[in-house]
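Here's a quick look at one model, helix by helix and core by core. Have the coordinates open while you read.

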Amino acid sequence: MIRETAMRELDHDPRFEWRGGSVTRIENLSDIVFALALGMIVSSASRPETFTQLTDHLFTILPVGAAFVLLFMIWNHHYVFFRRYGVADGKIIVLNCILLLLVLFIAYPLRFIFDGLYGFVEGLMGDWSRLEAAGITYSIAGTIMGYFALGYGLIYLIISQMYAHALKKADQLGLTPSERAMTRQSIWVFRVQIIAVTITGLCATFTPMYAFSGWLMILIWPGALLVDRLVPIPEVED
């Protein structure tokens with residue numbers, strides 16, 4: 001009993017029983033696609049051939065790292081879904097295929113956005129060469145942000161649909177009241193992200209805010225806190 005309690009406390013998701021068994025072929029394929037998307041982000045820059053180019057390449061760890069974090073967050077939601085619910089019926093297969101396509105779709109826009117942000121910071125310090133070489137203007141940066149917002153919003157729409165599908169099968173899966181509440185809470189957090197990124201994309205595309213509208217995505221955090229208050233999770237009995 002003590003060992004089981006200790007293992008539960010050290011678990012990745014201690015309040016939720018993981019119903020996913022061994023790793024499925026769907027998850028294997030998904031991991032390959034996520035790895036490919038990460039490779040697209042890292043290797044999108046040209047190979048350095050001089051010391052100056054090598055130094056510039058090393059500094060790209062900043063935009064690459066930021067893009068990596070966002071993509072990893074998407075992967076983690078995908079991973080947790082299959083570990084929590086272990087659902088792999090026809091609808092999930094279709095939704096998962098669409099999700100993987102969208103992950104590949106946003107890889108380059110994601111890198112462009114953070115490269116542009118890094119170039120803008122360099123510009124504020126007096127060097128606009130990175131943005132000029134990439135041909136990125138304020139309006140073009142807004143369009144790129146719009147591409148990203150479209151893909152990002154659709155990704156979380158698909159993920160929310162996957163979680164909603166699992167919630168419909170709550171009785172079959174034997175979800176406890178707290179697990180149902182956690183699932184419902186996850187769905188609403190995803191919807192908050194969809195709303196925030198939709199506002200961001202519209203402002204980036206149709207207003208003079210352009211890429212600066214990316215700061216609107218900070219609305220996700222207060223929105224998630226609001227969901228936490230409005231969709232409480234019952235205490236789990238020992």
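The 25 residues of α4 should span 36 Å at 1.5 Å a residue, and its end C-alpha atoms sit 35 Å apart, so the two agree. That expected span is 1.5 Å times one less than the number of residues; helices here are DSSP runs (H or I, at least four residues), numbered from the N terminus. Just after α4, glycine 86 takes a positive phi of about 60°.

Keep in mind that this is a predicted model: local features need pLDDT of at least 70, side-chain atom pairs count only at pLDDT 80 or more, and totals for chains, interfaces and linings use all residues. Residues are numbered from 1 along each chain as its sequence is written, and side-chain values use heavy atoms, with hydrogens and water left out.

Now the core. The largest nonpolar core (buried Ala, Val, Leu, Ile, Met, Phe, Trp, Tyr and Cys residues joined through side-chain atoms within 4.5 Å) has 54 residues, and Ile74, Phe81 and Ile155 touch the most other members. Among the helices that each supply at least two residues are α2 (25-42) and α9 (177-206), while the largest share, 13 residues, comes from α7. Beyond four places in sequence, phenylalanine 81 has contacts (heavy atoms within 4.5 Å) that include Gly86, Met162 and Tyr163.

Two cysteines, by relative accessible area (buried under 20%, exposed over 50%, partly exposed in between; 1.4 Å probe, protein chains only):

| Residue | Relative accessible area | Class |
|---|---|---|
| Cysteine 97 | 46% | partly exposed |
| Cysteine 203 | 16% | buried |
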